[in-house]
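Open the model in your viewer and keep the selection tool at hand. The stops below say what to pick and what is there.

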Amino acid sequence: MPASNGIKHRRLRLEFLEQRSLLAGDLRFVTYNVHATDNSFGRGNGLPASDLGTVLQAIGNEVTNGLARPVDLVALQEVRSQATTTADAVIQLNAIYGAGIYARGSLNGSGSGADTVGFVYNTQTLDLLDEVGIGVVSSSGQPRQTLRYHMRPDGGSAATEFYLYVSHYKSSDGDEEMARRAIEAAAIRADADALGQGVNIIYAGDFNLQGSSEAAYQTLLSAGNGQAFDPINLPGAWHNNNFFRSILTQTPANNPTNQNFTGGGLDDRFDFQLMSGELTNGTGLEYRAGSYHTFGNNGSLGVNSNINDAGNAALPGLANRTTILNLLTTVSDHLPVVADYFVPAAATVQFTAATQTASEGTTSITITAQLSATTTANVAVPFTLSGTASGNGTDYTLATASPLMIAAGSLAASITINLVNDTLDEPNETIVVTMGTPTNAIAGATTVHTATIIDNDLLRVTSLTPTASGFQVNFNGVVNTTSVNLYDQNGVYGASDVTLVGATTGSIRGSLIWNATRNQATFVRTGGYQLISNSFGTLPADTYTITLSSGEAGFVGAQGDQLDGDGNGIAGDSYHASFVVAPAAANTVTLSLPDFARGFGQAVNLPADTTAGIPLTISRGAGLTSVAFTLQYDSSLLTISSVTKGIGVAADALLSTAGSTPGQLVVSLTSATQLSFINAPFTLLNLVASVPATAAYSAKQVLMLSAATVTAGATNLPVAVDNGVHVAAFFGDVDASRTYNVVDLPVLQRALTGTNSGFGAYRDLDPVIEADLSGDGEIKSDDAALIYRLLQSLPVSTIPALPTGIVTPPPTGTDPRISISRDLVARVGELIAVPIWLEATDPQPISVQAADVTLQYDSAALSLVGVRGGSLLSSVARTYGPARSGEIEIRAWSSNGATELTTGERGTLVVLEFLVASEVAGTSSLNLVPGRGTRTAIYDAQLTSLVLQPEPTWDANDETDGLLSILAAEQSLQQRNSQSRPIQGPIPLFSRQ
C-alpha cells in the first residue's frame, strides 16, 4: 500500500543465514530494458522474449578483464508485473543453471498502467534483505515508482551490503519530460541520502537521458551521502553522437522486425549503472574497474548502425556470437549494460603476539594490532580488557581508547597501557586484551593478548596495632598462610613463626587468626576469664616484643617471596617490634569472651552440660549503671539467635540488642540503680548461639568486642576488652577428622608430654582451646582420660554430642590390605582366636601406629571374650565398646613407636577371642565394615590415615571378611572344607611372605 510519503514497502521474512566465511569473489550485474509490458512477443501479456535467457547466459559467458561468470543480478525495466515478466526470466535462467538458482523480487511498484520495474538474482551469491517502492507517481512527476532493493553478498558482512535502485525514467526529450525525470531523480537522491554515509549504492535502469547536462543526471551526481558517480566518466551530449558510439544502448536495430520496438539504430545512451563512491573505496563491495560496458557494442560500429551489422567486432570470444548479436535485435530495443563487482579479500588484523610479561616497575606496555595488508579506509579495532589486574589507576591505566584506529595506508597501531608501580606484595596479575569485531578488516588468528605483570614487591608489615589481648598486624600483600605455624606436631612445622614475649611475663600463648581479605593477622592471647586463677586473658602490664619469622617455612608472600622484616628491600629477615602495656587504672572494667571449639551443627553452650550459651564475663557489676558494646563475628561460622541476662544482673536492668548487619551485634544493658550487686567477675550476659551446618571445618574467628563503654552514673569508666577465639571444630577432635577416633588419644598424649607443642591440624591454634576437655585451662592427664572415655563410646559431660550425618575426610596415605582369614575352624563350646591381618601392598614401606576397626559377627554363634594386641600393635593401650549386639568397635595403638612393613610383609593388628556357642555347627561370617561414627582406618607413624585397598564394605562376603567353620563336638578339626587347613600350634602374630 502506498505510504503517505510515496514509499511502498515490502518487508521480507528474514532468515538467519548459516555463518559462512565470505571469500573474495566477483559478481556480474546487468541492467536491461526487456520491453515486456504488453504482448510484444506473442507469448502473452508481460512475458519477455523466449530467448532472454540465452542472451543473459551469453552475458555470463563473455570474458571481461579475464573474468566470465553467470549473471548475479539483472535489473529489468518495462516489466508488466513480478508474477509475469520477472517470473518468466527466473524460469528461463533456472532452465539453464538449475532449479532454485535464481529468484526474483516480489514488490510491484505503482505506476501509470501495467508498467513497473523488477529484478532477478542468483540466490547462491546474493541475499535479498528488503525491497521498497520510492517516489510518488503522478501525471506531472514520476510515471512509475523506482524500486529499491537491499542486498547482501551471501555470507558477507554489513560492509558488503548494498542498495540497488532500479528505475525507468520518463521518456522523450521535451521540457516537461526532462522536468519529470528531474523530479524522479530528486526523490531517489532524497531516499539515498537518508541512508546515511558510507553506504554502497547502485543506480541502474533506463534513464532516457539525452546528455549529461540534463537536471536528472546532475541531481544524481550532486554532492551528498548518496552521491552517484559514472564509472566510465564520459559526460557530454550522447544523443546520436559518434564520439560516444561505444556506450550507446538504444535501438540496436535500424528497422526492427518486431513492430513494437523503436528503430533508428544505435543513437542514445539511455541505460546506466551509476554508483556511490563507497564502491571504489577499497573495502566492502567494490566495482571492478574497466568492467562497465554495453553488451555487444565495443564501438566498432557508428551511430544508427544495426548491432548485428557485419562490421561489429564485439563478443569475439563467444562461439555463438552471431546468434547473440542477432538476438540483441529481437529480444529488446535496448542493449544490456554490464558491470562487474567484487568483494575484496579483506585484510586481516591480529595482535602481533599472544602474550608478554612485564615488571610492575615498567612504565607502560604496548599491544600491537597489525594488518595483513594496507587498506584504503581506516580500520577500527574494538577491544575489551579483563584479567586479574584492576584498571582505573589501581594496577594500570588504559591510555588508548577503544576502538584502536589503524589509519588508511598504515599496517599497524598499538594499545598503550600505563602500569602502576604500587607497594603491595601481590600475586602476578594479568591484563587480558580481547579484540572485538573490526571494521573494514576481519579478525585474524591472534585476537586475545595476555600481559602478565610481575610483582616487584617483597612481603612487608605495613602496620602493627596492639590490643588488650594481643595485636593485629597488617601486610602489604597476601601471606601464604600454609607456611606459618605457632605450634608443631612430629617436627613437621618447626619452631613457632610468631612469638610474643613480655620482658617480665615471658612467652605468651595464643592463637593466630587470618583475615585474607584484609591481609591481616590477629594474635589473641589464650584465656578468657579463668575462675581458678581469677584472671582474664588480657595482657598484663609489661614491655612486649613481637617476632615474625621470615624464611621458606615462615612468613612468605603469595609468590614465595620471604618477609622483608626490616623493610630494606632484601628478603629473608624477620620482623621485630615492641610495645608497652601500661598498668590498668584501678577503676578499669574488663569485658571478656571465652575461647572455645564447637563444630558444624552444634549448639554453643559453655560448658557443654549447660544451656546458657556463650558467657560474657564482666570484672564487676556493683556501682555500674550501663554497659554497651558491639560484637563483631563471622556469621558463616556462628549464629547468635538471642542475648540473655546473667543470673546476677539486676531485674530492672534493661537489655537491648540490634543486629541487622550480619556478623555484627550491638548490645546495651542499662539500669537506673546498678547492674548488679556483685563486686567480682560474673556472667553479665549469655549469647545464645550455634554453629551453622555449613560452617567450614576447623576455620577460626575472633569474637571481637569494640566500641565498648561502661558508666557508673554519669562517669565513663576505662574499659579493657578480652576477645575470644572460636574454632569451628568438634571439641576434642584433635586430628580434625570430624569424629573421635583412635588417633585423638596419642596426638593429645604427645602434646601432654611435650613431645609436640600442638596439633598439626590446628597449627595456628593454641591446643588448649581444642583439648582442654576438663576446662581447667591446661592440657593434662584428665583430658586424655576423657578422650579415652570418648573412644569407648562413653558419655563425657563437657563434650557435646556429635551431629548426625558426618562425612569424614578420605584417607590420603599408602594402600595396605586389611583382612580376616577365611579358613578359621573351631568346635562348638571352644575358644577361637581371630587375628585381623594387615599386609603391605604398596611399593613404598609403610608404618603402622594405630587402628580403628569395626567388626560385625553372629552373636548367636559367638560371644566376645576379649581383645589382645597383635604383632603390629602388641604393646598397646586399647579399648573396645560393643555398642550393638554382634558389633564391636576397636581402638588400638602402639605406645612403643610404629612398626614398619615392606611390600609383601604382613602382621596382625589385634586378635579377638570368641567363645563358640553350643549346637551351632556350620559357618559364621566375620565382617569387617566401614564403621558408623568412626571410619575403619589404619594410621602411620605421622598418624596419617592410610588408604585401605580394598576398603571394607557392609557386605558380609567381600574379600576383607573372614569365615569361621564351626564343627560339632564329635567332629575332628581335620573334618573341614577344602579351603580350610588345620590349626597347628599357636596362632602366629607376624608372618613374612
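Which residues in α6 meet which residues in α8? Select Asp744, Leu745, Leu748 and Leu752 in α6. Then add their partners in α8: Ser781, Asp783, Ala784, Ile787, Tyr788 and Leu791. This is a predicted model, so colour by pLDDT before going on.

**The α6/α8 pair.** Widen the selection to the whole helices, residues 744–752 for α6 and 781–791 for α8. Their axes lie 10 Å apart, at an angle of about 175°. Angles over 145 degrees count as roughly antiparallel, so α6 and α8 are roughly antiparallel to each other. Colour the contact by residue class: 7 nonpolar, 1 polar and 2 charged residues appear.

**The α1/α2 pair.** Next, select residues 52–61, helix α1, and residues 82–97, helix α2. Here the angle is about 55° and the axes are 9 Å apart. That angle makes α1 oblique to α2. The crossing is right-handed. On the α1 side, show Leu52, Gly53, Thr54, Leu56 and Gln57. Facing them in α2 are Ala89, Gln92, Leu93, Ile96 and Tyr97. By class, this contact has 6 nonpolar, 4 polar and no charged residues.

**Confidence.** Now look at the whole chain. Its pLDDT averages 91, and 94% of the residues score at least 70. Select residues 1–24: pLDDT stays under 50 there, with 53 contacts beyond four places in sequence. Do likewise for residues 974–993, where pLDDT also stays under 50 and the model has 33 such contacts. Where pLDDT is low, predicted coordinates should not be read in detail.

Terms used. Residues are numbered from 1 along each chain as its sequence is written. This is a predicted model: local features need pLDDT of at least 70, side-chain atom pairs count only at pLDDT 80 or more; totals for chains, interfaces and linings use all residues. Side-chain values use heavy atoms; hydrogens and water are left out. pLDDT is the predictor's confidence in each residue, from 0 to 100. Contact means heavy atoms within 4.5 Å. Axes are lines fitted to C-alpha atoms, for helices over the stretch in contact, and angles run from 0 to 180 degrees between N-to-C directions. Helices (H or I, at least four residues) and strands (E, at least two) are DSSP runs, numbered from the N terminus. Angles under 35 degrees count as roughly parallel, over 145 as roughly antiparallel, 65 to 115 as roughly perpendicular and the rest as oblique. A crossing is left-handed if the near helix is turned anticlockwise from the far one by less than a right angle, and right-handed if clockwise. Ala, Val, Leu, Ile, Met, Phe, Trp, Tyr, Cys and Pro count as nonpolar, Asp, Glu, Lys and Arg as charged, and the others, Gly among them, as polar.
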